[in-house]
Amino acid sequence: MNQSFNDEPNRISKTPSASAVEMTELVLPNDTNLLGNLLGGRMMHWMDIAGGMAAMRHSHRAVATISVDCLEFKQPVHVGEIVILKAKLTWVGRTSMEVVIRAFGENPQTGRTILTNVAYFTFVALDDHGKPTPVAVLVPESEEEFAEFKAAEHRRNQRIGKANCKI
Ligand SMILES: CC(C)(COP(=O)(O)OP(=O)(O)OC[C@H]1O[C@@H](n2cnc3c(N)ncnc32)[C@H](O)[C@@H]1OP(=O)(O)O)[C@@H](O)C(=O)NCCC(=O)NCCS
C-alpha cells in the first residue's frame, strides 16, 4: 500500500464505512428525456454529489472532482422511480480520494430494485486557498474493501498515464 508519507507522519486513519453516503432521489418529469427515462446528465450530477459528500466526510474539506472512470448506462431508470446512490471511498493518495458510486433504480409499485450504474469518481481535497491538501489515510476493513483498494491502485496508475485524454 502506498499509504505512508514520511513527511506527514501524523495523518489520521479512517475506514471506508466512516464516510459512506446513501442518498435517495425521486425521478420527476423534469429529470427525464422524451422517452420518460432519467437523463444521463442528471444521474451523473447525483453521483457526483453523493461521491463528493463521501469525500468531504473523509477529508473534512471542500473537494473538487478531477476524474471519472467506468461510467456506463446499461439500464434505464423511469419517471416515478426512486434512485438510491451509495458512495464509499475505495482508495486515497496524498490529496486525492477515489470513491465508488453505485446507483440503484427502485420501482415503488413493485419494490423491485436493480443496479443501474457503477462509477469511480476521484476527488481532490482543497485547502482554504483552493490548493490540494492532505487527507486522512484510508484503512480498509473487509476483504471486499481490500480488493477495492488494490483495484483502485491499478485504475489510478492507468488514469495518470492516459496520454490520449490529456488536455
Ligand atoms: C483539483 C485541482 C485543484 C488539482 O490541482 P493540480 O494542480 O492538478 O494538483 P496536483 O497535481 O497536486 O494533483 C492533486 C492530486 O490529484 C491527482 N490527479 C492529478 N491528475 C489526476 C487525474 N487525471 N485523475 C485522478 N487524479 C489525478 C494527483 O495525483 C494528486 O493526487 P495525490 O496527492 O493523492 O497524489 C485542479 O486540477 C482543478 O482545479 N481542477 C478543476 C476541478 C473542477 O473544477 N472540477 C469540477 C467541479 S468540482
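**Exercise 1. Identify the residues of helix 1 that are buried, and state which elements they pack against.**

*Solution.* Step 1. The buried residues of helix 1 are M43, W46, M47, A50, G51, G52, A54, A55, H58 and S59. The model in which they are found is a predicted one.

Step 2. The partners of these buried residues are strands: strand 1 (13–14), strand 2 (21–26), strand 3, strand 4 (82–92), strand 5 (96–106) and strand 6.

Step 3. The helix itself covers residues 40–59, 20 residues in total, and its first and last C-alpha atoms are 28 Å apart. That span is close to the 28 Å expected at 1.5 Å a residue.

**Exercise 2. Determine the sign of phi at H60 and at C70, and decide whether each residue is buried or exposed.**

*Solution.* Step 1. H60 follows helix 1 and belongs to the loop between helix 1 and strand 3. Its phi is positive, near 55°, in a residue other than glycine.

Step 2. C70 sits in the loop between strand 3 and strand 4. C70 is not a glycine either, yet its phi is positive, at about 70°.

Step 3. For context, most residues other than glycine have a negative phi.

Step 4. A residue is exposed if 12 or fewer other C-beta atoms lie within 10 Å of its own. H60 has 11 C-beta neighbours inside 10 Å and therefore counts as exposed. C70 has 11 C-beta neighbours inside 10 Å, so C70 counts as exposed.

**Exercise 3. Describe the pairing of strand 4 and explain why strand 4 is described as largely enclosed.**

*Solution.* Step 1. Strand 4 runs antiparallel to strand 2, to which 6 bridges join it. In this pairing, L26 has I82 of strand 4 as its bridge partner.

Step 2. Strand 4 also runs antiparallel to strand 5, with 10 bridges between them. Here M97 of strand 5 is the bridge partner of V92.

Step 3. The connection from strand 4 to strand 5 is a hairpin through 3 residues.

Step 4. Of the 11 residues of strand 4, 8 are buried, and strand 4 is therefore largely enclosed by the rest of the structure.

**Exercise 4. List the residues around the ligand, and assign them to elements and to chemical classes.**

*Solution.* Step 1. The shell consists of A64, T65, I66, S67, G93, R94, T95, S96, T122, V124, P132 and R159.

Step 2. Two elements give two or more residues to this shell: strand 3 (62–69) and strand 6 (113–126). Strand 3 supplies the largest share, 4 residues.

Step 3. By class, the shell contains 4 nonpolar, 6 polar and 2 charged residues.

**Exercise 5. Characterise the overall fold by its element order, its dimensions and its contacts.**

*Solution.* Step 1. The protein has 2 helices and 7 strands, arranged along the sequence as β-β-α-β-β-β-β-β-α.

Step 2. The radius of gyration is 17 Å, close to the 15 Å that the globule rule gives for 167 residues, so the protein is as compact as a globular protein of that length.

Step 3. Along the principal axes, the C-alpha atoms fill a box of roughly 55 × 35 × 30 Å.

Step 4. Buried residues account for 31% of the 167 residues.

Step 5. Among contacts with a separation of 6 or more, 74% are between residues 24 or more positions apart.

Key: Residues numbered from 1 in each chain as written. Predicted model: local features only at pLDDT ≥ 70, side-chain atom pairs only at ≥ 80, totals over all residues. Near = placed C-beta within 6 Å. Nonpolar A, V, L, I, M, F, W, Y, C, P; charged D, E, K, R; others polar. Rg over C-alpha atoms; globule rule 2.2 N^0.38 Å. Buried ≥ 20, exposed ≤ 12 C-beta atoms within 10 Å, placed from the backbone. Contact = placed C-beta atoms within 7 Å. Expected span 1.5 Å × (residues − 1). Pairing = 2+ DSSP bridges.
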